[in-house]
Amino acid sequence: MGKKLSNAPVFYTVAQVQFNPILNLEGYIPAIQAKMREAHFPDFRQEITQRLVMPFGGMEPGQMFAPSISPQSHYIFGDINGRSMFLLETNALSFQTTSYDTFETFSAALLQGLKVLHQALRLDFVERIGLRYLDAIQPLNENETLRHFLVPEVLGLSLRGEGHLQHAISETAVITAAGQLISRVLVRHGIIGLPADLAGPAPTIDPKFTQREGLHAIVDTDASFAHREVFDLEKIRDRLSALHGEIIKSFKATVTPHAEAAWA
């Protein structure tokens, strides 16, 4: 069992498993919702987004087709507190939380959701498994700066003190034994929030992260495994565990011993 930090910096975690498309998903939603409610995710709603579809291929020279708008449904199963939710699409299930405890409890919740889906849909294969953590780096007192929490390699020129900093970004992408890992560090002024690519349904961020405004950093660590495999919950569990291991190694290489002591 992983050790829970007393002052953990993680403020958002998401895992997503992509599987074979289920075009008649809507017909299975009542059965899935009943099981999700039993699993303490009773806050159900359906949302429809509009997706721009660009026509490519199959056109004769000189032909032009206008892009079209295609509605897409997704289904949300949230907990009572609004801090954790499943998001179901025709080819993916995501589990998001802003109330992270340990990796074991987080992955167990995701696997429970996948088990509910598999019992209803009999999924055939998975194509991608992703795991992403956002950590808020906020100095805890006036005597500390981001230098106390992050290694110099990811701070760039953000703390030179010349002019007014708009933002500084560091990004590293590597291929590991578990899959691809991308680590980003964003330094900026303002309030902690989610990156633009995570816009959409999301649980509420804990106010302890959003009540302070000022210079801060977000460590955004995203690991994924992309390969088609037969649907197998135990194999998915192993893939998630391997991705989590790589994320831990990357995070430890990004923060200082002072930071780890402050969060312990």
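The largest pocket of this predicted model has a volume of about 770 Å³. Its lining is made up of 29 residues, and those nearest its centre are Lys-3, Leu-5, Ala-8, Val-10 and Tyr-100. Several elements of secondary structure take part in this lining: α2 (103–121), β6 (125–137), α3 (207–210), α4 (233–254) and α5 (257–263) each contribute at least two residues. Of the elements, α4 gives the most, with 5 residues. In chemical character the lining of the largest pocket is mixed, for it divides into 12 nonpolar, 7 polar and 10 charged residues.

The second largest pocket holds about 450 Å³ of space. It is lined by 20 residues, and Val-14, Gln-16, Ser-94, Gln-96 and Leu-198 are the closest to its centre. Here the elements that supply two or more residues are β1 (10–19), β4 (84–89), β5 (92–97) and β6. The largest share of this second lining comes from β1, which provides 5 residues. By type, the lining of the second largest pocket consists of 8 nonpolar, 7 polar and 5 charged residues.

The discussion now turns from the pockets to the whole chain. The protein chain contains 5 helices and 9 strands. Followed along the sequence, these elements appear in the order β-α-β-β-β-β-α-β-β-β-α-β-α-α. The radius of gyration of the chain is 20 Å, which is close to the 18 Å that the globule rule gives for 264 residues, so the chain is as compact as a globular protein of that length. Along its principal axes, the C-alpha trace spans about 60 × 55 × 35 Å.

Two further values describe the chain as a whole. Of its 264 residues, 44% count as buried. If one considers the contacts between residues at least 6 apart in sequence, 75% of them join residues that are at least 24 apart.

Where in the structure do buried nonpolar residues join into a core? The largest nonpolar core has 40 residues, and among these Ile-32, Leu-88 and Ile-236 touch the most other members. The element that gives the most to this core is α2, with 9 residues. Ile-236 shows which parts of the sequence are brought together: apart from its neighbours within four places in sequence, it is in contact with Val-17, Leu-111, Leu-114, Val-126, Ile-129 and Phe-231. There is also a second, separate core of 18 residues, whose members include Leu-155, Val-185, Phe-251 and Val-255.

Individual residues can now be examined in their surroundings, beginning with a histidine in a helix. His-244 is placed in helix α4, the element that gives the most residues to the lining of the largest pocket. Is His-244 buried or exposed? The relative accessibility of His-244 is 16%, and the cut-off for a buried residue is under 20%, so His-244 counts as buried. When residues up to four places away in sequence are left out, His-244 touches Tyr-100, Phe-103, Leu-131 and Tyr-133. Of these partners, Tyr-100 is also one of the residues nearest the centre of the largest pocket.

A second residue, Glu-144, lies in the loop between β6 and β7 (168–175). Although Glu-144 belongs to a loop, it counts as buried because its relative accessibility is 13%, where the limit is under 20%. Its contacts, not counting residues up to four places away in sequence, are with Pro-139, Phe-149 and His-258. To give a sense of distance within the model, the C-alpha atoms of Glu-144 and Leu-87 are separated by 38 Å, and these two residues are 57 apart along the chain.

Two other loop residues deserve attention for their backbone angles. His-40 is found in the loop between α1 (29–38) and β2 (43–53). It has a positive phi of about 75 degrees, although it is not a glycine. His-40 has a relative accessible area of 64%, and exposed means over 50%, so His-40 is exposed.

Arg-122 occupies the loop between α2 and β6. Its phi is near 50 degrees, again a positive value in a residue other than glycine. With a relative accessibility of 53%, Arg-122 counts as exposed.

Technical notes
Residues numbered from 1 in each chain as written. Predicted model: local features only at pLDDT ≥ 70, side-chain atom pairs only at ≥ 80, totals over all residues. Heavy atoms only, no water. 1 Å grid on protein atoms, 1.4 Å probe; cavity = no way out; pocket = protein on both sides within 12 Å on 5 of 7 lines; lining within 4 Å. Points joined across faces, edges and corners; volume = space filled by probe spheres on them. Helix = DSSP H or I, 4+ residues; strand = E, 2+ residues; numbered from the N terminus. Nonpolar A, V, L, I, M, F, W, Y, C, P; charged D, E, K, R; others polar. Core = buried A, V, L, I, M, F, W, Y, C linked by side-chain atoms within 4.5 Å. Buried < 20%, exposed > 50% of the residue type's maximum accessible area, 1.4 Å probe, protein only. Contact = heavy atoms within 4.5 Å. Rg over C-alpha atoms; globule rule 2.2 N^0.38 Å.
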